[in-house]
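Could you walk me through this structure in my viewer, one selection at a time? I am new to it and would like to know what to click on and what to look for.

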Amino acid sequence: MTPTPADLPALRRVLLTWFDARGRDLPWRVGPEGGRDPYRVWVSEVLLQQTQVARGQVYFERFLAAFPTVEALAAAPLEAVLKAWEGCGYYARARHLHRAAGVVVREGWPRDFAGWRALPGVGPYTAAAVSSLALGEARAVNDGNVRRVLARLWGEARPSPAWVQARADELLDPARPGAWNEALMDLGATVCTPKAPRCAECPLAGWCAARASGDPAGFPAPQERAAVREVRAVALLIGDAERAVLERRGGSLLGGLMGLPSEEVRGDEGDAAALARLSARLGATVRGELGEVRHTMTHRRIRLAVYAGAGGPAPVPVAGEALSRLDHKALALWRQRAASLFAPK
Ligand code: ADE
């Protein structure tokens, strides 16, 4: 039931025929197959590592409007790039993209997988995606969708990364590597979905071991999740939702971005101790509690208690800064709560 080497030509033909008819129409999929604009492909692949395609499209259009070419990106100040990245998370990726754009402008576009891999921030996934889509190089991508599709085809409950890469390399259609990679991604995203795969619509159903088992969604087996660290912190909103005191965060709380001044709550101390530390550091006083906001990332769950403050440094306009979603939630809290909290009694 699993694909054998003799099945490969038919399997490739069937999936590519499906992709040619059903593949998604996405804004970075323009230009000739295997020869697309490397800039658009690269930016989209970096964005899509942390974002679903639906939201990724919005961020992609926004980023391309701000920096339409690699020259524009390289020439922009880092702060402007971080601002355009706002909401996309993992800001190290935006910093790398900016730095790598400088390399590309000085040295020209990479000519192959190894050249892409040598750019700052470009790992094996991105290098395989861009070299197949923009250069037509025969490199197989290995992402979450590909892992699931291949695990099901072969009925492998616990596919290791090396196993997935080996199967992906074998299957890859060397004549149309970019289309092949995107066909697997689209199949995984639209048909071979995690919870309720639509096997009746799947062009590969006849070869699929997971389908034959009767429990396609059971493959691959759920992975043990890395522990999620709980982070508790307090923040002071001095000013209002439009103008507030901001500082550059350090450490584990969204380090590197600007945000409301905050302090992590350490060990078993309470919020009050962290708040006292924060107001002493800023030379500010606490006016009242606005509420709590939460933000969950892959390995961290942040709970931020937000207090209104007075005094301390001067508020600045928040609109010009790249803020995390957590900080936007804190500012939204001000819009909801400040009027009632500080209304004259
Ligand atoms: N996810 C990552 N890269 C993608 C692409 N090129 N098309 C669709 N989904 C993707």
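## A guided tour

Welcome! Keep in mind from the start that this is a predicted model.

**Stop 1: a salt bridge between two loops.** Select arginine 176 and glutamate 33. These two form a salt bridge, and their closest N and O atoms are 2.7 Å apart. Now colour the surrounding helices to see where the partners come from. Arginine 176 is in the loop between α10 (161–171) and α11 (177–190), while glutamate 33 is in the loop between α1 (8–22) and α2 (38–48), so the bridge links distant parts of the chain, 143 residues apart. Are the two partners buried or exposed? Arginine 176 has a relative accessible area of 23%, which means that it is partly exposed. Glutamate 33 is also partly exposed, at 46%.

**Stop 2: two further salt bridges.** Select glutamate 137 and arginine 139 next. Their side chains meet in a salt bridge, with 3.0 Å from N to O. Arginine 139 is partly exposed, with a relative accessibility of 32%.

Then move to arginine 281 and glutamate 263, another salt-bridged pair, whose closest N and O atoms lie 3.0 Å apart. Arginine 281 belongs to helix α13 (residues 271–282) and glutamate 263 to strand β5 (residues 262–264), so this bridge ties together parts that are 18 residues apart in sequence. Which of the two is buried, and which is partly exposed? Glutamate 263 is buried, with a relative accessible area of 13%, whereas arginine 281 is partly exposed at 41%.

**Stop 3: a salt-bridge network.** Select Arg24, Arg29, Arg36, Glu182 and Asp186 together. Salt bridges with shared partners join these residues into one network. If you would like to hunt for others, a search of the whole structure finds 22 salt bridges.

**Stop 4: where α2 meets α3.** Show α2 and helix α3 (residues 53–66) as cartoons. Their axes come within 10 Å and cross at roughly 135 degrees. Angles from 65 to 115 degrees count as roughly perpendicular and those over 145 as roughly antiparallel, so α2 and α3 are oblique to each other. The crossing is right-handed.

Now switch on the side chains at the contact. From α2, select Tyr39, Arg40, Val43, Ser44, Leu47 and Leu48; from α3, select Val53, Gly56, Tyr59, Phe60, Phe63 and Leu64. What classes of residue make up this contact? There are nine nonpolar, two polar and one charged residues.

**Stop 5: where α9 meets α10.** Bring up helix α9 (residues 144–154) beside α10. The axes of α9 and α10 come within 10 Å and cross at roughly 80 degrees, which makes α9 roughly perpendicular to α10. On the α9 side, the contact is made by Val146, Arg147, Leu150, Ala151, Leu153 and Trp154, and on the α10 side by Trp163, Val164, Arg167, Ala168, Glu170 and Leu171. Sorted by class, this contact has nine nonpolar, no polar and three charged residues.

While you are here, click on asparagine 145, which is also in α9. Leaving aside neighbours within four places in sequence, asparagine 145 is in contact with Leu184, Met185, Gly188 and Ala189. For a distance check, draw a line from its C-alpha atom to that of cysteine 88: the two are 57 residues apart along the chain and separated by 20 Å.

**Stop 6: two backbone details.** Most residues other than glycine have a negative phi, and most peptide bonds are trans. With that in mind, select tyrosine 90, in the loop between α5 (78–84) and α6 (91–107). Tyrosine 90 is not a glycine, yet it has a positive phi of about 45 degrees. The residue is partly exposed, with a relative accessible area of 43%.

Next, go to phenylalanine 219 and proline 220. A cis peptide bond joins them, with omega at about -15 degrees. Proline 220 is in the loop between α12 (209–213) and β1 (229–238).

**Stop 7: a buried loop residue.** Finish at alanine 322, in the loop between β8 (316–317) and α14 (325–341). Its relative accessible area is 5%, so alanine 322 counts as buried. What does alanine 322 touch? Not counting residues up to four places away in sequence, alanine 322 touches Leu82, Lys83, Glu86, Leu257 and Met258. Measure from alanine 322 to methionine 258, C-alpha to C-alpha, and you should find 6.5 Å in space for a pair 64 residues apart in sequence.

Terms used
Residues are numbered from 1 along each chain as its sequence is written. This is a predicted model: local features need pLDDT of at least 70, side-chain atom pairs count only at pLDDT 80 or more; totals for chains, interfaces and linings use all residues. Side-chain values use heavy atoms; hydrogens and water are left out. A salt bridge is a side-chain nitrogen of Lys or Arg within 4 Å of a carboxyl oxygen of Asp or Glu. Helices (H or I, at least four residues) and strands (E, at least two) are DSSP runs, numbered from the N terminus. Buried means under 20% relative accessible area, exposed over 50%, partly exposed in between (1.4 Å probe, protein chains only). Axes are lines fitted to C-alpha atoms, for helices over the stretch in contact, and angles run from 0 to 180 degrees between N-to-C directions. Angles under 35 degrees count as roughly parallel, over 145 as roughly antiparallel, 65 to 115 as roughly perpendicular and the rest as oblique. A crossing is left-handed if the near helix is turned anticlockwise from the far one by less than a right angle, and right-handed if clockwise. Contact means heavy atoms within 4.5 Å. Ala, Val, Leu, Ile, Met, Phe, Trp, Tyr, Cys and Pro count as nonpolar, Asp, Glu, Lys and Arg as charged, and the others, Gly among them, as polar.
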